[in-house]
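Hi there,

Here is the structure I promised to pass on. Please have it open while you read the notes that follow.

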Amino acid sequence: VQLQASGGGLVQPRGCLRRSCAASGSIFTINVMEWYRQAPGKQRDLVAKISSAGRSSYADSVKGRFTISRDNAKKTAYLQMNNLEPEDTAVYFCNADVVSYNGLRKIYWGQGTLVTVSS
């Protein structure tokens with residue numbers, strides 16, 4: 001199982017970015033999918049999470065600005081980031097709670113990608 005994240009880069013303050021996180025491999029089902037971020041010198045923090053049924057929750061710092069969604073048929077989660085602030089600069093990671101066809105349940109992580117918010 002692999003997770004492929006995309007959509008990072010440089011964006012100006014008050015700009016927006018859309019991130020995607022696509023899972024592939026021997027996947028029976030995916031439970032929760034999450035986005036984390038880690039700013040320089042800080043711990044990795046949860047940004048948003050979404051259940052297989054589409055229930056979502058957010059860190060207080062991004063509520064009203066970020067939206068997490070998913071397409072179960074595509075095994076992909078998305079993170080729409082609007083009104084970005086310099087404080088959102090971080091390496092962003094996605095993960096997925098995957099049940100494989102062999103019955104193994106494991107959390108997989110995608111590669112981190114840097115989002116820089118700067119003018």
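Tyr-36, Phe-93 and Trp-109 come together as one aromatic cluster. Please keep in mind that this is a predicted model, and that what follows was computed from it.

A search of the whole structure gives 3 aromatic pairs. In one of them, the ring centres of Tyr-36 and Trp-109 are 5.2 Å apart with the planes at 55°, so this pair counts as tilted. Tyr-36 belongs to strand β4 (residues 27-38) and Trp-109 to strand β10 (residues 105-109), so to speak two distant parts of the chain, 73 residues apart, linked by this pair. Are these two rings buried or partly exposed? Tyr-36 has 19% relative accessibility and therefore counts as buried, while Trp-109, at 39%, counts as partly exposed.

Trp-109 also pairs with Phe-93: the ring centres are 6.4 Å apart and the planes stand at 80°, so the arrangement is edge-to-face. This pair, too, links distant parts of the chain, with Phe-93 in strand β9 and Trp-109 in strand β10, 16 residues apart. Phe-93 is buried, with a relative accessible area of 13%.

Phe-93 has a charged partner as well: Arg-44 lies over the face of its ring, 3.6 Å from the ring centre. Elsewhere, Arg-18 places its charged end over the ring of Tyr-78, at 4.3 Å from the centre.

Now to the cysteines, which may interest you at the bench. How many disulfides are there? The count comes to 1 disulfide, formed by Cys-21 and Cys-94, whose sulfur atoms are 2.0 Å apart. The torsion about their S-S bond is about 70°, which means that the disulfide is right-handed. Cys-21 sits in strand β3 (residues 17-24) and Cys-94 in strand β9 (residues 90-100), so the bond joins distant parts of the chain, 73 residues apart. Both Cys-21 and Cys-94 are buried.

Why does Cys-16 not bond with Cys-94? The sulfur of Cys-16 is 19 Å from that of Cys-94, which is the closest cysteine sulfur to it, and this is too far for a bond because a disulfide needs the two sulfur atoms within 2.5 Å. Cys-16 counts as partly exposed because its relative accessibility is 46%.

If you would like a place to begin, try strand β9: Phe-93 of the aromatic cluster is in this strand, and so is Cys-94 of the disulfide.

Happy browsing, and best wishes!

Definitions and conventions:
Residues are numbered from 1 along each chain as its sequence is written. This is a predicted model: local features need pLDDT of at least 70, side-chain atom pairs count only at pLDDT 80 or more; totals for chains, interfaces and linings use all residues. Side-chain values use heavy atoms; hydrogens and water are left out. Helices (H or I, at least four residues) and strands (E, at least two) are DSSP runs, numbered from the N terminus. Buried means under 20% relative accessible area, exposed over 50%, partly exposed in between (1.4 Å probe, protein chains only). Rings of Phe, Tyr and Trp (its six-membered ring) pair if their centres lie within 6.5 Å; planes under 30 degrees apart count as stacked, over 60 as edge-to-face and the rest as tilted. A charge sits over a ring if NZ of Lys or CZ of Arg is within 6 Å of the ring centre and within 35 degrees of the ring normal.
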